[in-house]
Amino acid sequence: MEITGAGEQHPSYDRLKEMKAFEESKAGVKGIVDAGTVKIPRIFVRPLDELTEELDHIEDEHNNFEIPVIDMESLDQDDHSRRKEIIDEVRRASGTWGFFRLVNHGIPLPVTDEIIKGIKRFHEQDTEIKKQFYSNDPRTGCMIHTNFDLYVSKYANWRDSLRCNLLSPDPLDPRELPDTCRDIIVEYWKHIMKLANTVTELLSEALGLERDHLKRIFTDFLVLIGTSKHSDPSFFTLLLQDHIGGLQILHQNQWVTVKPIPGTLIVNIGDLLQAMEITRAGEQQPSYDRLKELKAFEESKAGVKGIVDAGIVKIPRMFVRPLDELAEELNHTEQESSNFEIPVIDMKSVDQNEHRRCEEVIDEVRRAAGTWGFFRLVNHGIPLTVMNEIIKGIKRFHEQDTEIKKQYHSNDPKTGCMFHTNFDLYVSKYANWRDSLRCNILSPDPRELPDTCRDIIVQYWKHIKKLADTDTGLLSEALGLEKDHLKRIFTDFLVLSGHYYPACPEPELTLGTSKHSDPSFFTLLLQDHIGGLQFLHQNQWVTVKPISGTLIVNIGDLLQLISNGKFKSAEHRVLANRDGPRVSVACFLNTKFSDDTKIYGPMKEILSEVNPPIYKNITMKEYTDHYFGKGLDGVSALNQFKLSSN
């Protein structure tokens with residue numbers, strides 16, 4: 001049965017006729033009210049499917065959601081610390097809510113009160129006077145209109161609007177404004193433009209850009225007022241509402257009421273600011289040829305350091321993180337109050353037949369590997385002099401003449417020793433700010449290693465191999481297995497990667513290494529004093545502070561797979577930094593990437609009815625083909641190999 005706005009049956013209802021009559025009246029919604037209607041015309045009635053869907057988003061009375069409030073009082077007082085706090089607040093509010101409230105914004109309360117009264121006077125004046133301003137052409141400088149989408153929307157909205165395009169490229173002559181509100185619109189506009197410029201600066205800095213960056217991109221200003229569910233077709237909107245209110249935003253799948261508070265303004269992020277592509281300097285470049293830039297970078301064989309040596313002050317566009325990732329970053333911002341510190345495991349007594357202490361260490365490894373996926377080793381047996389020298393040796397390699405390094409340049413992971421940068425250059429969203437020396441060695445042939453670091457790599461390798469064997473035994477026992485159990489599974493391959501992160505002129509726009517988990521059983525990492533390593537724990541990025549003489553262990557995908565999820569492969573990344581270069585040495589305990597004969601899957605020794613397999617049985621080749629094929633895209637490679645029932 002067809003139901004009208006009043007509920008009665010009207011099989012012959014002509015919607016188009018009603019819309020045309022409404023539009024031709026030029027009286028707007030107020031004209032309907034002035035006619036004394038007691039039931040709204042059918043064109044305004046929301047369809048039943050939307051009314052039903054509304055139930056999914058009803059605001060929970062107990063949610064206590066309040067949009068963020070940003071106090072701008074001290075913004076112009078050269079208080080740099082407070083400005084930084086405000087920028088951080090804008091970043092969080094824009095990325096998480098898309099709405100925030102401004103207080104102490106500088107527009108006097110009498111002005112905000114009078115603009116409300118002025119707009120009210122305009123709409124309540126004689127209809128025949130208002131009709132002079134009636135138009136549906138958005139290019140019109142000043143117009144009254146109602147429901148610009150009348151013929152395409154499911155239903156009309158219960159509102160009228162006065163719209164004024166007051167800024168360039170076609171500034172409106174104030175004489176074109178209605179008499180009833182001309183003076184207050186001009187006065188309000190002076191205040192709102194000053195505030196808009198300030199908000200634009202804050203949004204620029206919240207994106208890690210120069211203060212005037214966004215201002216150079218959008219200098220036109222557009223006001224759109226609406227009441228049905230929508231996002232604004234603008235960069236951002238500054239909204240003033242009266243005491244009655246009615247504005248709601250959809251947040252965490254619930255409609256949240258934005259309460260009207262005198263003297264405050266609402267900022268909401270528009271579609272254009274969310275969708276706008278920011279280049280290395282933020283400028284729009286419709287003709288940008290990404291593939292050409294990638295090929296030129298690869299063919300130079302000079303790596304990221306080659307770019308820095310060329311004297312750049314802005315990073316090439318291929319390194320710039322997309323805006324959606326920069327915004328999503330806010331969801332994982334490390335809380336200063338979190339006090340997260342990765343577990344520290346003291347290995348001093350592991351080899352001294354202190355069985356009680358050894359059991360304690362195994363318990364610590366079990367908890368750390370199962371909960372964090374990261375832990376720090378102290379008293380691990382590698383001399384500090386050796387650790388310092390391997391950092392210096394890797395640095396020497398990367399800082400030698402480019403023509404010498406080019407001899408080692410390769411992107412083939414089967415190469416024994418190679419210099420490379422961004423193995424996923426053509427599949428990732430953006431390139432990482434890092435170069436690497438990679439050695440696929442178990443018992444290295446010194447003749448294949450670079451002269452600049454040959455001796456120290458061989459020496460470091462002897463120590464790291466011994467430590468890796470000890471850690472493998474601890475991890476085995478932490479799973480309740482015999483000490484040599486895991487050693488029998490992965491003993492044939494070990495990769496050393498010496499990473500070099502040059503100082504970056506725009507570290508806020510890129511990363512040293514994108515979010516990923518390691519394609520290994522586990523990794524032993526040494527980082528220098530600069531740091532930058534972070535891992536994701538309880539949905540927050542936790543910084544792994546560099547502490548001299550310590551090593552970091554992180555669980556890799558393959559150990560998570562064979563432990564059936566008992567050990568966690570933590571996602572991690574490395575920040576770019578204005579300081580540098582940063583140097584780190586990562587040793588990956590692995591098996592041969594090209595092996596398509598040996599099967600890896602959840603170990604039968606730890607499976608049971610209450611712990612059924614989560615992952616498929618796979619070969620190393622299957623895993624690495626998928627891992628290197630997709631690149632560092634922030635998605636775990638293990639997702640591909642989960643059993644469908646999980």
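The paragraphs below lead through a predicted model of one protein chain, beginning with the whole and then turning to selected parts.

The chain contains 19 helices and 22 strands. Of its 646 residues, 49% count as buried. The surface that the chain exposes amounts to about 31,800 Å², and carbon and sulfur atoms supply 51% of that area. The contacts also show how the sequence is brought together in space: among those between residues at least 6 apart in sequence, 76% join residues at least 24 apart.

A first sheet may now be considered. Four strands form an open sheet in the order β1-β2-β8-β5, and the pairing in this sheet is mixed. The strands β1, residues 69–71, and β5, residues 236–239, stand at the edges; each has a single partner strand, so one side of each is left without a neighbour in the sheet. From one strand to the next, the twist averages 25°. At one edge, β5 pairs with β8, residues 265–269, in the antiparallel sense over 4 bridges. Within this pairing, L238 stands opposite V267 in β8. It is useful to recall here a rule about strands. In a regular strand, side chains alternate between the two faces of the sheet.

Two helices lie across this sheet. Helix α4, residues 80–96, lies across β1, β2 and β8, and runs at about 160° to β1. Helix α7, residues 182–206, lies across β2, β5 and β8, and its direction makes an angle of about 135° with β5.

Two loop residues next to strands of this sheet may be compared with their surroundings. E73 lies in the loop between β1 and α4. Is E73 buried or exposed? With a relative accessibility of 54%, E73 counts as exposed, because the cut-off for that class is over 50%. Although E73 and H105 are 32 residues apart along the chain, their C-alpha atoms are separated by 6.8 Å. Q241, in turn, lies in the loop between β5 and β6, the latter being residues 248–251. Q241 has a relative accessible area of 18%; buried means under 20%, and therefore Q241 is buried. Leaving aside neighbours within four places in sequence, Q241 is in contact with I116, G246, L247, V258, K259 and P260. Q241 and P262 are 21 residues apart in sequence, and the distance between their C-alpha atoms is 8.5 Å.

Helix α5 offers an example of how a helix can be examined in detail. Its 16 residues, 109–124, should span 22 Å at 1.5 Å a residue; the C-alpha atoms at its ends are 23 Å apart, which agrees. Which residues of α5 are buried? They are V111, T112, I115, G118, F122 and H123. Seen down the axis of α5, these buried residues fall within an arc of 130°, so they line one face of the helix. The elements that cover them include α2 (28–34), α6 (127–130), β3 (142–145), β4 (161–164) and α7. Helix α7 thus appears twice in this account: it lies across strands of the sheet described above, and it is among the elements covering the buried residues of α5.

Further along the chain, K305 has its place in helix α11, residues 303–309. The relative accessible area of K305 is 13%, and K305 is therefore buried, the limit being under 20%. Apart from neighbours within four places in sequence, K305 is in contact with H398, E399, K405, D435, Y500 and P502.

A second sheet completes the tour. This open sheet of 4 strands has the order β14-β19-β16-β17, with antiparallel pairing. Its edges are β14, residues 511–516, and β17; each has a single partner strand, so one side of each is left without a neighbour in the sheet. Neighbouring strands are turned by 30° against each other on average, direction ignored. At the β14 edge, β14 and β19, residues 572–575, pair in the antiparallel sense over 3 bridges, and the bridge partner of T513 is V574 in β19. At the other edge, 4 bridges join β16, residues 533–537, to β17, residues 540–543, and the two strands run antiparallel. Here Q534 stands opposite T543 in β17. How many residues lie between β16 and β17 in the hairpin that they form? There are 2 residues between them, and Q538 in the turn has a positive phi of about 50°.

Notes: Residues numbered from 1 in each chain as written. Predicted model: local features only at pLDDT ≥ 70, side-chain atom pairs only at ≥ 80, totals over all residues. Heavy atoms only, no water. Pairing = 2+ DSSP bridges. Axes fitted to C-alpha atoms, helices over the stretch in contact; angles between N-to-C directions. Contact = heavy atoms within 4.5 Å. Expected span 1.5 Å × (residues − 1). Buried < 20%, exposed > 50% of the residue type's maximum accessible area, 1.4 Å probe, protein only. Arc of directions from axis to C-beta. Areas by Shrake-Rupley, 256 points an atom, 1.4 Å probe, with all protein chains shown as cover.
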